[in-house]
Amino acid sequence: MRIFNNVEMLELETILANGPGVINPLIVWDEKDVVLFDAGLPGMDKKFRETAADTGVPFERLNKVLITHSDMDHIGSLSQIINIRGGDITVFAHKEEKPYIECELPPIRLKQMEANICSMTGAMREQIVTMTENLKKSYQMFKAIVDKTLEDGEVLPVCGGITCIYTPGHTPGHMSYYLEKLKLLIAGDILQVMDGSLEKCPDFTILDKEAFIASLKKISRYKIEMLVCYHGGLFRGDATNRIVEIASGL
């Protein structure tokens, strides 16, 4: 979906933990840079190449990847994209996410999934057990190097300026990104769009509620005319007041 002349929201169909779904990475570009926000699940590199071609931006021009956080649906194809793209490509993330992306630590969700198994029964328990075992065996395969760690409030001199906003809570190092010239917030997983409504991410994905609330309050201070969530896609409307409302209800 073309949001602006140089902003494309990808709509990639996939299978998520709760069944079939769509994820929404973003591509932003200008004459110098092509920036990808998040890198999908493992094995999605072909979809990224095809979708990039559809936007009219050659995949070979991709030179920067900004990661919101290290959950597998956000970094799963990162190493494949880097290998296939070749050449100079810089990966950015918060320092708290770096050891997970580089596989120095096991995935953040692994411990959470293991803790939840004991409270589950039936088919759901079997599914989570299988997912947990598969993740334990495979996560090292998706190791990628983070070239540059980001600071809260840092503005990257790329595509008109990208403000990096530290928004922990969903994960320890979750980042959101703000394109001030477009009044566009890339929210990662801190928010989602459900049936046209802007909502917080599911409770079970919030690792630190206090930090999560503080993050919502932080992004509510930005003037947001459009917002892209990794799950649910584009939200147009009074995002700022809605974010304040969500934070107030927690």
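**View 1. Cys201 and the other cysteine of this view, Cys164.** Cys201 is buried, with a relative accessibility of 3%, where buried stands for a relative accessible area under 20%, exposed for over 50% and partly exposed for values in between (1.4 Å probe, protein chains only). The model is predicted, so that local features need pLDDT of at least 70 and side-chain atom pairs count only at pLDDT 80 or more, whereas totals for chains, interfaces and linings use all residues. Residues are numbered from 1 along each chain as its sequence is written, and side-chain values use heavy atoms, with hydrogens and water left out. If a disulfide is taken as a pair of cysteine sulfur atoms within 2.5 Å, the count comes to zero disulfides. Cys164 is in no disulfide, the nearest cysteine sulfur being that of Cys159 at 12 Å, and Cys164 is buried with a relative accessible area of 0%. Cys201 is likewise in no disulfide, and the nearest cysteine sulfur, that of Cys229, lies 9.9 Å away.

**View 2. Helix α7 and the elements that cover its buried residues.** Helices (H or I, at least four residues) and strands (E, at least two) are DSSP runs numbered from the N terminus. Helix α7 spans residues 209–219, and its buried residues are Ala211, Phe212, Ile213, Ser215, Leu216, Lys218 and Ile219. The cover over these residues, with contact meaning heavy atoms within 4.5 Å, includes β11 (162–166), β13 (184–188), β14 (191–194), β15 (197–200) and α8 (239–248). At the start of α7, a side-chain oxygen of Asp208 comes to within 3.2 Å of the backbone nitrogen of Glu210; a polar contact is a pair of N or O atoms within 3.5 Å, where within protein one must be able to donate a hydrogen and the other to accept it, and where residues adjacent in sequence count only if both atoms are side-chain atoms.

**View 3. Salt bridges around Arg242 and Lys200.** A salt bridge is counted when a side-chain nitrogen of Lys or Arg lies within 4 Å of a carboxyl oxygen of Asp or Glu, and the structure holds 12 of them. In one, the side chains of Arg242 and Glu199 meet at 2.9 Å, N to O. This pair links distant parts of the chain, with Arg242 in helix α8 and Glu199 in strand β15, 43 residues apart. Arg242 is buried at a relative accessible area of 19%, whereas Glu199 is partly exposed at 25%. The side chains of Asp203 and Lys200 also meet in a salt bridge, at 2.4 Å from N to O, and Asp203 counts as exposed at 53% relative accessibility. Arg242 forms a salt bridge with Glu245 as well, their closest N and O atoms being 3.3 Å apart; both residues lie in helix α8, three residues apart, about one turn of the helix. Elsewhere, Glu114, Glu133 and Lys136 are joined into one network by salt bridges that share partners.

**View 4. The hairpin of β14 and β15.** Strands are said to pair if DSSP finds at least two bridges between them, and β14 and β15 pair in the antiparallel sense over four bridges. Met194 has Ser197 in β15 as its bridge partner. Two residues lie between the strands of this hairpin, in which Asp195 takes a positive phi near 50°.

**View 5. The surroundings of Arg109 in helix α5.** Arg109 has its place in helix α5, residues 108–117, and counts as buried at 12% relative accessibility. A polar atom of the Arg109 side chain lies 2.8 Å from the backbone oxygen of His170. When residues up to four places away in sequence are not counted, Arg109 touches Asp71, His170, Thr171, Phe204, Thr205 and Leu207.

**View 6. Two open sheets and their edge strands.** One open sheet of seven strands has the order β1-β2-β5-β6-β7-β8-β9, with mixed pairing. Its edge strands, each of which pairs on one side only, are β1 (2–4) and β9 (148–150). At the β1 edge, β1 and strand β2 (residues 7–9) pair in the antiparallel sense over two bridges, and Phe4 stands opposite Val7 in β2. Another open sheet has six strands in the order β10-β11-β12-β13-β16-β17, with mixed pairing. Here the edge strands are β10 (155–156) and β17 (233–236), each pairing on one side only. Two bridges join β10 to β11, which run antiparallel, and Val155 stands opposite Thr163 in β11.
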